[in-house]
Amino acid sequence: MTLTAASSTGERTARKTSPGAAPRTRRSGRLRRIGLPYLLLLPALLLELLVHLVPMVIGIVVSFKELTQFYIRDWGTAPWAGFDNYSLAVDFNAPVGEALLESFLTTCLFTLFSVGLCWLLGAAAAIFMQESFRGRGFLRTLFLVPYALPVYAAVITWAFMFQRDNGLVNHVLHDQLGLTDSPPFWLIGDNSFVTLLVVSVWKGWPFAFLIIMAGLQNIPREIYEAAALDGAGIRQQVRRITLPSLRPVNQVLVLVLFLWTFNDFNTPFVLFGKAAPEAADLISLHIYQSSFQTWNFGAGSAMSVLLLLFLLVVTGAYLLLTSRGRKATDA
């Protein structure tokens with residue numbers, strides 16, 4: 001019995017001290033460490049797949065179908081339309097394509113003004129807030145209020161303010177200041193573009209302010225002090241120090257603002273309702289009207305896919321240009 005116990009103990013000791021045991025244990029531990037992050041990300045990936053990718057794939061499939069109100073009960077039985085929906089959307093000589101092109105151009109103009117003004121106001125406020133003064137914390141909090149408010153509550157408030165007969169805007173401009181001959185319409189007609197732009201900038205510039213203010217914290221104060229000793233004024237400091245240092249932050253910020261503004265649906269929908277004026281007919285609301293008012297979901301899905309492709313191309317080109325500019329600057 002003693003010999004048997006000794007032999008079994010020796011075998012276990014030999015297995016533990018065998019050359020292949022340690023690498024195998026190390027390899028399994030390495031695999032466990034590598035696989036653990038992916039295992040923790042798996043629930044989020046599955047949720048992302050369920051919420052975003054699955055509806056996207058279904059939308060692409062619908063864009064190739066003749067899905068109207070006659071097949072909405074069982075959309076799988078809708079006949080295939082091929083590229084007819086895409087041909088209808090890009091035929092700019094036909095009413096559908098012409099209306100889509102006008103909406104696209106309106107959205108481009110709106111996005112250009114909105115992103116530019118949001119960045120300009122956010123950068124000016126962030127640079128102004130770098131200096132210490134009494135009440136700076138209160139102003140920072142006040143500037144972030146539009147960003148913190150729910151979109152629907154804020155836009156509904158603006159819709160009441162832009163009412164023609166009893167709105168605050170016309171009360172100030174017409175009744176108190178006398179700047180207009182008669183109270184203008186702000187929610188219909190050509191003025192609706194200005195109304196939409198004002199609400200969008202008011203709602204979006206605090207985000208630019210927050211991001212730029214965070215980027216300014218990474219610029220050492222010693223650089224500004226050295227520039228001031230060399231005789232550089234505020235303009236030269238902003239031009240030579242602040243803007244070049246904020247270039248990586250601004251590149252990301254402009255891209256995010258562009259995507260948010262170009263895809264904005266909540267603001268025009270809450271401000272104007274289901275039918276936006278022609279001057280403020282953004283493409284997101286136009287696609288909604290083309291899908292849910294005419295019940296032509298195939299054509300609406302084709303417009304959405306075209307919009308997705310446009311945003312992917314613009315985003316890819318922007319990232320390529322900015323990366324080349326960054327490499328040229330580093331070189």
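Reader: Does Asp 165 count as buried or exposed, and what is its relative accessibility?
Author: Keep in mind that this is a predicted model. To count as exposed, a residue needs over 50% relative accessible area. Asp 165 counts as exposed because its relative accessibility is 68%.

Reader: Which residue forms a salt bridge with Asp 165?
Author: A search of the whole structure turns up one salt bridge. In the bridge of Asp 165, the closest N and O atoms are 3.1 Å apart. The partner counts as partly exposed, at 27% relative accessibility. That partner is Arg 164.

Reader: Okay, on to the inside. Which helix gives the most to the largest nonpolar core?
Author: That core has 41 residues, and Leu 196 and Phe 209 are among those with the most contacts inside it. Several helices each supply at least two residues, including α4 (95-128), α9 (191-216) and α12 (247-262). With twelve residues, the one that gives the most is α9.

Reader: Leaving aside neighbours within four places in sequence, what is Leu 196 in contact with?
Author: Leu 196 is one of the residues with the most contacts inside the largest core. Once its neighbours within four places are set aside, its contacts are Phe 110, Thr 267, Pro 268, Leu 271, Phe 272, Ala 280 and Leu 282.

Reader: Why are the buried residues of α7 on the same side of the helix?
Author: The buried residues here are Ala 154, Val 155, Trp 158 and Ala 159. An α-helix has 3.6 residues a turn, so residues three or four places apart point the same way. What covers the buried residues of α7 includes α9 and α13. They sit on the same side of α7 because they cover an arc of only 140 degrees.

Definitions and conventions:
Residues are numbered from 1 along each chain as its sequence is written. This is a predicted model: local features need pLDDT of at least 70, side-chain atom pairs count only at pLDDT 80 or more; totals for chains, interfaces and linings use all residues. Side-chain values use heavy atoms; hydrogens and water are left out. A nonpolar core is a set of buried Ala, Val, Leu, Ile, Met, Phe, Trp, Tyr and Cys residues joined through side-chain atoms within 4.5 Å. Buried means under 20% relative accessible area, exposed over 50%, partly exposed in between (1.4 Å probe, protein chains only). Helices (H or I, at least four residues) and strands (E, at least two) are DSSP runs, numbered from the N terminus. Contact means heavy atoms within 4.5 Å. The arc is that of the directions from the helix axis to the C-beta atoms. A salt bridge is a side-chain nitrogen of Lys or Arg within 4 Å of a carboxyl oxygen of Asp or Glu.
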